[in-house]
2 protein chains.
Amino acid sequence: MTERNERTARRGNRQDTRQKVFRAAVELIAEHGYAATTVDAIAERAGVAKGTVFYNFGSKEGLFEALLEHSINMLAEALSDADTGKSALDALDSVVLGQLRFFEEHGAFARVLLAEMWRTVWQEAVALLRQSALGVYASVLRRAAANGEIRADLDVETAATAVFGMVLTVAIERRALYPDRPLERTHATLVELLHGRIN
Amino acid sequence: MTERNERTARRGNRQDTRQKVFRAAVELIAEHGYAATTVDAIAERAGVAKGTVFYNFGSKEGLFEALLEHSINMLAEALSDADTGKSALDALDSVVLGQLRFFEEHGAFARVLLAEMWRTVWQEAVALLRQSALGVYASVLRRAAANGEIRADLDVETAATAVFGMVLTVAIERRALYPDRPLERTHATLVELLHGRIN
DNA sequence: ATCTTTGTACTGACTGGTCAGTTTAAAGAG
DNA sequence: CTCTTTAAACTGACCAGTCAGTACAAAGAT
């Protein structure tokens, strides 16, 4: 099964279709939510026949699962790439900026994440998110604790979730309310809130 | 007649009915989301006929709007009550704790908020949330800025959203993953993240 | 006291529409 | 030939909203 997918992927056609369907689905689900988005609408926006969606993804749920997995992996990669800096706290700043930038580019996915990731149906995707994207934050915070940059007894998992949720919320509000404000200003506010530079 | 008497005994007034429907709706929508929750299911869980829901709330949307407004007002009141402390930063801590406690008690509403508040359909509710609940955070932060407790040029609106989103995310994760951990530990982690006590 | 009316709350069977998923026949591409 | 896509019709389940009717308390009316 995997072999066949890889082979056909190299051929190009199938991958294009999947990409188009992905993009259409993300946009529509971001606008209306998963349950309120119809497969007919996705197919229409993707410029593809309805049957093609089922041929490629099996079901609406299968499509969304593939979508989540793909997007979460992209997000995790972006955060991981941003994880650089002299100190661990510098790295934290960079990862926050990386997350802001990612959601600046993939705002629809930000809304999908916020709206859908808590549903028990997508438990698998949540687990992936936790170990990949949230894992990057946890790793940075653990390093900071080891270096004595933050209190060693800080609850790393909770803190990682806190920072992630904070940035996610702000990124969505940014796009909705202040789309023209420079990203750096938003980033500076978060950094000030985050460690001591607040006063 | 026996049947009549039983009915009379079971019969409640309008407030009771609305209350029952409210509770059922919050629970179900928290579990499955607005779009995936059927009025039939709400009526069944409330122990009420389907028609009663429409009689009392006009439409599924009307029910949800009433629900959002009521819950947001309760949240805003809780945050407002928690807004006390010697310094503005102490007040910030208290409000964070107030929000954690509120969502500890109304966890279902926390998930509803996270999942639904960004949809354009509920724009009115979002506006209410912004001016009431988020307004409490903004007010605290403005006071802190005026007192020189934080940098005067901090972007108050963004910071308010950031803190609110942070606490909301953490509160949901807490209930899902660490329901038995003392609330104070979660609160301490957030406070450390929030101002300088991090190191 | 007993009957009649009125307003309010509630009921549940029913309707009209929507939507995921299927089927089919045909066609394009490697 | 096999894989992929298309268009269009179709099925069957599901669901928001409706409506005719019931239950009953309170307020006259006789």
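Here is a short chat about the predicted two-chain model above, for someone new to the structure.

User: Hi! What should I know about the model before we start?

Analyst: This is a predicted model, in which local features need pLDDT of at least 70, side-chain atom pairs count only at pLDDT 80 or more, and totals for chains, interfaces and linings use all residues. Residues are numbered from 1 along each chain as its sequence is written, chains are lettered from A and ligands numbered from 1 in the order in which they are written, and side-chain values use heavy atoms, with hydrogens and water left out.

User: Cool. How many helices and strands are in chain A?

Analyst: Chain A has eleven helices and zero strands. Helices (H or I, at least four residues) and strands (E, at least two) are DSSP runs, numbered from the N terminus. The C-alpha trace of chain A spans about 60 × 40 × 30 Å along its principal axes.

User: And how many residues of each chain are in contact?

Analyst: On chain A, 47 residues are in contact with 47 residues of chain B, where contact means heavy atoms within 4.5 Å. The area buried between the two chains is about 4000 Å², and carbon and sulfur atoms give 64% of that. Buried area is the accessible area (1.4 Å probe) that two parts lose on being put together, summed over both.

User: What about salt bridges between the chains, how many?

Analyst: There are seven salt bridges between chain A and chain B. The term covers a side-chain nitrogen of Lys or Arg within 4 Å of a carboxyl oxygen of Asp or Glu. One pairs Arg130(A) with Glu173(B), at 3.1 Å from N to O.

User: Which helices of chain A supply residues to the side that touches chain B?

Analyst: Helices H2 (13–32), H7 (107–116), H10 (156–177) and H11 (183–194) of chain A each supply at least two residues. H10(A) gives the most to that side, with twelve residues. By class, the side of chain A that touches chain B has 21 nonpolar, eleven polar and 15 charged residues. Here Ala, Val, Leu, Ile, Met, Phe, Trp, Tyr, Cys and Pro count as nonpolar, Asp, Glu, Lys and Arg as charged, and the others, Gly among them, as polar.

User: New topic: how many salt bridges are there over all chains?

Analyst: A search of the whole structure finds 23. Among them, Arg45(A) and Glu27(A) meet at 2.8 Å, N to O. Arg45(A) is in helix H3 (residues 39–46) of chain A and Glu27(A) in helix H2 of chain A, so the pair ties together parts that are 18 residues apart in sequence.

User: Nice. Which residues line the second largest cavity?

Analyst: The lining is Leu114(A), Met117(A), Gly165(A), Leu168(A), Thr169(A), Leu114(B) and Thr169(B). A cavity is a set of points, on a 1 Å grid over the protein atoms alone, where a 1.4 Å probe fits but cannot get out, and lining residues have an atom within 4 Å of a point. H10(A) gives the most to this lining, with three residues.

User: Any charge there, or how does that lining divide by class?

Analyst: The lining of the second largest cavity has four nonpolar, three polar and no charged residues. The lining of the largest cavity has six nonpolar, four polar and four charged residues.

Definitions and conventions:
1 Å grid on protein atoms, 1.4 Å probe; cavity = no way out; pocket = protein on both sides within 12 Å on 5 of 7 lines; lining within 4 Å.
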